[in-house]
4 protein chains.
Amino acid sequence: MTIGVGVIGYGYWGPNMLRNVASTDGLVPLAVSEIKEERLGLATRAYPSAVGVRSYEDLLQHPQVEAVIIATPLANHFEIARAALLAGKHVLVGKPMASSVEECEELCSLAERCGLVLMVDHTFLYAGAVQKIKEFVTSGIVGELLYFDSVRVNLGLVRSRHNVLWDLAPHDLSILLYLLPERPVAVSAIGACHVQQTDKALATMAYLTIKMRPGVLAHIHVNWLSPVKVRRTLIAGTKRMIVYDDLEPDEKVKVYDKGVELTAGETAYDVLVQYRTGDVHIPKIASEEPLRVEMVHFRDCIRGGGKPRTAAEQGLEVVRILSAADASLAKEGEFVKI
Amino acid sequence: MTIGVGVIGYGYWGPNMLRNVASTDGLVPLAVSEIKEERLGLATRAYPSAVGVRSYEDLLQHPQVEAVIIATPLANHFEIARAALLAGKHVLVGKPMASSVEECEELCSLAERCGLVLMVDHTFLYAGAVQKIKEFVTSGIVGELLYFDSVRVNLGLVRSRHNVLWDLAPHDLSILLYLLPERPVAVSAIGACHVQQTDKALATMAYLTIKMRPGVLAHIHVNWLSPVKVRRTLIAGTKRMIVYDDLEPDEKVKVYDKGVELTAGETAYDVLVQYRTGDVHIPKIASEEPLRVEMVHFRDCIRGGGKPRTAAEQGLEVVRILSAADASLAKEGEFVKI
Amino acid sequence: MTIGVGVIGYGYWGPNMLRNVASTDGLVPLAVSEIKEERLGLATRAYPSAVGVRSYEDLLQHPQVEAVIIATPLANHFEIARAALLAGKHVLVGKPMASSVEECEELCSLAERCGLVLMVDHTFLYAGAVQKIKEFVTSGIVGELLYFDSVRVNLGLVRSRHNVLWDLAPHDLSILLYLLPERPVAVSAIGACHVQQTDKALATMAYLTIKMRPGVLAHIHVNWLSPVKVRRTLIAGTKRMIVYDDLEPDEKVKVYDKGVELTAGETAYDVLVQYRTGDVHIPKIASEEPLRVEMVHFRDCIRGGGKPRTAAEQGLEVVRILSAADASLAKEGEFVKI
Amino acid sequence: MTIGVGVIGYGYWGPNMLRNVASTDGLVPLAVSEIKEERLGLATRAYPSAVGVRSYEDLLQHPQVEAVIIATPLANHFEIARAALLAGKHVLVGKPMASSVEECEELCSLAERCGLVLMVDHTFLYAGAVQKIKEFVTSGIVGELLYFDSVRVNLGLVRSRHNVLWDLAPHDLSILLYLLPERPVAVSAIGACHVQQTDKALATMAYLTIKMRPGVLAHIHVNWLSPVKVRRTLIAGTKRMIVYDDLEPDEKVKVYDKGVELTAGETAYDVLVQYRTGDVHIPKIASEEPLRVEMVHFRDCIRGGGKPRTAAEQGLEVVRILSAADASLAKEGEFVKI
């Protein structure tokens, strides 16, 4: 049983989607929609099995298209996803899922009511590196979490109606929520706008701090205006510490047998601090393209009806944090409860 | 005219001080004070010109000692510096200068009244790399400052009565204040304690955010519990961006000819964003040991009576920010005016 | 005038060729030949404009195919290139051009006689980094060449009838010959076989030393069995030194203002050596895919009849060195004249 | 029982020697000899327990000096070491041990006859990293050795009467001989001189190739005129491969679980090559200063009469290879038997 797929949007990310649909057994690209004539031509020449249409509405009327992938700017996610679900299509929607908590909630319940798969493209959760870290965290070798610190910066301003948090932080937030059992309690965001491109001053850099539970912080630095590209996440536990550097070609995940031990000192009030520094372990990471793994998972969820790893509920949770972050930004960094 | 110097404290930093006193023309180590007998023995065996005493009070009575260097824990800075000034000695005190704004202010006016040099050991301002960046910033090639982002983390908990901010952030703060003409307006600090070593829960990691002027942020991440050592500062301006990586042996400072240009788009509301990526320039950096440069400067200030590059006023300003940061920490990150 | 292109071989490199043919204006893929049915299917599904045939002979009979690209193992290069030229097709042949000097010479004169373009796929000469280094060398800022040292190692054994020199060294040799005005005088090669895969013991690692002129050496280390991947070339001149690290994503070429200066010493026999260490310059490099630049160049040579940058003569020269290297390998490193 | 030590030569390396003598329990610096008055003054001011003399002959007459450390240029090693042994002193001599095989042999038998310790300063064999690699090799986890490849290059010309091989290669040769059970069979050396500083053209760069046994090569690249500093050794075995990068501050040794497996292919003549890529292991390395470990070992050998880890015999073996290398250099790379 081959599933007919339609891809909506053929800008930056759409080509990756279409390529992976085409190369996944059991999926076949039947339609592409894209407003720009020239890009639509590129798509249909490269994938002759897909018809090209200008509007997503036309695409949704294609009777053999059972599933759609939404690769449009965030502003259109809700409208298109809603229409697709109402048209009876399974949906894989880009990240973040939608522009507001309300929109996400409506999509969640709509998908539920219709019995359709609604999956969010949190690509990193299909990466071998994140899977490996999840294994380590779950196995207990990391111990209790102390902090999560992520830096995701580079020179590369997305022209957008949304600030840098909505563009870059969904990656880190989806990883954070996937790895940790705790839920965020409150969020603070501080940012600055260095390139004013719309009537609003959208933050081009931001620092996001999340209280997970007492003593456990997550911190995310996102920046469109950094001279150097950094993609580095520190995950520190009481037993081991992990560094995940996504720019390393071969050694993305390093597990440090490092930590601190406390022993009683000379007096009752005295504590001796001793470091434990041991070996470092660099696990072999599966090298398959994450988007390909995701596509196979999408297919299997459609076939089997299971809940996706990156289901609408996860998408909602990410947007909940982003919305709280926006509220905090407006209050100049005041913590906002989630 | 050789200046007799006394070094107070021979723990972690004192040996570096004594070594540089001994190797600087015009300075001679005449006395060392240290409570621990064994360490005192090490000092006097290595530097026979210096007499060893147990208490700093004894050292201050040495008539040939004209200048003292205070290399004790922060808690003792104020008391010792005050006594030294009252005893008519020039003073070079470790960073941060003292534990409170009031203490710093008292030392400032005392030094002023006595006509003595009071210098703070903000070592990095004597480093070739920081001097080179200062040149670039002053020359105008960096343009207007957009942000200052510094990460100073490693595994290495100082057993202390003060949190990680007081230990590590003085480096970044002194560099920030030296490079930028603007003064900080408000400070937010968020932290967590992962190793409780005193009755108070002292932050072992913290994120410090400083508003310099509208749209210009400084952010400092300090952490005693990081698996990897990072010493990296990004300084972004409208024309160029600088990366200062203090762990690079040869290429500490990189100047990126990168930026963003805005041009009018198709409609009045439309702005086109274009990146400018050009060459990278790695200037040759003077390799002299910063502490040695600092020692020569201390000598020259004593001889000539000039104001040190890292005068008491700069020390005070750093402590003002640290104190505000502590207040913000207590309020869980609320911005505190400076 | 669009040029019909046939790609022969759809193994490791063929897909890259076909993709770039398809995306180059003025070229259109009309045919693919590949022995393995399954891979042939992949090619024609991805590029529906191309017919798939099993044998290269069938492909050569396609009347609209004006140019062919040979992406087969080295053993077949000569036979196929010869047949293609005889069939009146322009040819772009993989590196190295053929298995022997005689074969290369025959192809050279055949192409000459037929008035057809015969180009060798020395891809690196179309890379922005190599172009930039060529500029520097030509401009004179590097000074006179002192040495050329290249390391090209990784874990990745090509199953082959040829040793590692024929697989990896053509890259370095083509760069060497392109950058330097001097011609090689003699070659020494020493190697070892650590995986015996045919009846002959083919070297899996080798060190190649080339005398360019008195005092100027080129040295190339190629290795299929290295735990780490290295692609690093040092090019030292009397005035400046260049490091070309092809694995660096953004900073592939670094120009060091480093060198040595000699001055007269105290006595007539005495020479004082002083280092000159100055700034480092990292030029911006064009980021276009080299194969794409090459494809445009192939098209332009066909249209305009000009000599390719990587013409058959260059391919011959590389093979001349490889053949001498094989002779030296057999004599355990004895220098062999070229 | 404290051993009185004399240090001969206070140029580049002497200060390190004196510092480590002074800080080693059981050793005490009693004398320093140095021709240059100014440097001698530096030594005696820093280490007041040592008397300063201008000639080594005077130092050897000091009755309390039981052991001497020779930190002079290579040209003087033999003469001084011989005189010291004849004066009844234990000797630690810099590397390489002497200028010729004959000199080394004479020193070996002289030390033997006199019953004195004669140790060579092959410092690296006291480094934690080399000790750890030795453990791995001895334990069998590396498997049978395939090759040893070392690069030791930087900008830094030693003004010398000897070529770069005699200056830099002793490090690599001593490590090679320590790690491998096999003995070198033949040596080839090719070099070039880019800075003529004496009447002879001394190689400033050289490639040394050593045949260990059939199929096993060692290769060493040493260079005084490299724009970048590299200290990297690859040690490949049939089971694992090790990369030793001495410039890495924390991760000097990496053990790669990488290799190649051969399986029967479809036909009798066919072999399938498959890579094995697994985890990477970075062992914790003892961080003690190698020279300090060496000094303790020197003391213990004097006290206990045991054979040093870097005994005169090892020094001789290194010089044997260097001499053969010089002979090969003169014959432009021809292999010379050892």
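This report covers a parallel sheet, the contacts and symmetry between chains, and a nonpolar core.

The model is predicted; local features need pLDDT of at least 70, side-chain atom pairs count only at pLDDT 80 or more, and totals for chains, interfaces and linings use all residues. Residues are numbered from 1 along each chain as its sequence is written, and chains are lettered from A and ligands numbered from 1 in the order in which they are written.

**The sheet**

Strands here are DSSP runs of E with at least two residues, numbered from the N terminus, and two strands pair if DSSP finds at least two bridges between them. In chain A, six strands make an open sheet with parallel pairing, in the order β3-β2-β1-β4-β5-β6. Its edges are β3 (51–53) and β6 (118–120) of chain A; each has a single partner strand, so one side of each lacks a neighbour in the sheet. Neighbouring strands are turned by 25° against each other on average, direction ignored, with axes taken as lines fitted to C-alpha atoms.

Within this sheet, β1 (residues 3–8) of chain A runs parallel to β2 (residues 27–33) of chain A and is joined to it by six bridges. A:Ile3 has A:Leu27 as its bridge partner in β2(A). In chain B, six bridges likewise join β1(B) to strand β2 (residues 27–33), and the two run parallel. There, B:Val5 has B:Pro29 as its bridge partner in β2(B). Five of the six residues of strand β1 (residues 3–8) of chain B are buried, where buried means that 20 or more other C-beta atoms, placed from the backbone, lie within 10 Å of the residue's own.

**Contacts with chain A**

Two residues are in contact if their C-beta atoms, placed from the backbone, lie within 7 Å. Chain B puts 39 residues in contact with 39 residues of chain A. Several strands of chain B give two or more residues to this side, including β7 (145–155), β13 (253–264) and β14 (271–282). β11(B) gives the most, with six residues. The contact between chains D and A takes nine residues from each of them.

In the table, Ala, Val, Leu, Ile, Met, Phe, Trp, Tyr, Cys and Pro count as nonpolar, Asp, Glu, Lys and Arg as charged, and the others, Gly among them, as polar.

| Side touching chain A | Nonpolar | Polar | Charged |
|---|---|---|---|
| Chain B | 26 residues | nine residues | four residues |
| Chain D | three residues | three residues | three residues |

**Symmetry**

Copies are superposed by least squares on the C-alpha atoms of residues with pLDDT of at least 70 in both. A turn of 180° with a shift of 0.0 Å along the axis lays chain D on chain A with an RMSD of 0.1 Å. This is the relation of a two-fold axis. The same surface serves both copies, as 100% of the contact residues of chain D recur in chain A. D:His281 comes closest to the rotation axis among the residues of chain D, at 2.5 Å (C-alpha).

Chain B is superposed on chain A by a rotation of 180° and 0.0 Å of shift along its axis, with RMSD 0.0 Å. Of the contact residues of chain B, 100% recur in chain A. In chain B, B:Glu334 comes closest to the axis, at 3.1 Å (C-alpha).

**The core**

A nonpolar core is a set of buried Ala, Val, Leu, Ile, Met, Phe, Trp, Tyr and Cys residues joined through C-beta atoms within 7 Å. The largest has 456 residues, of which A:Leu165, B:Leu165, C:Leu165 and D:Leu165 touch the most other members. Leaving aside neighbours within four places in sequence, D:Leu165 has contacts that include D:Ala189, D:Val222 and D:Leu322.

Methods:
Helices (H or I, at least four residues) and strands (E, at least two) are DSSP runs, numbered from the N terminus. Axes are lines fitted to C-alpha atoms, for helices over the stretch in contact, and angles run from 0 to 180 degrees between N-to-C directions. A residue is buried if 20 or more other C-beta atoms lie within 10 Å of its own, exposed if 12 or fewer, and partly exposed in between; C-beta atoms are placed from the backbone.
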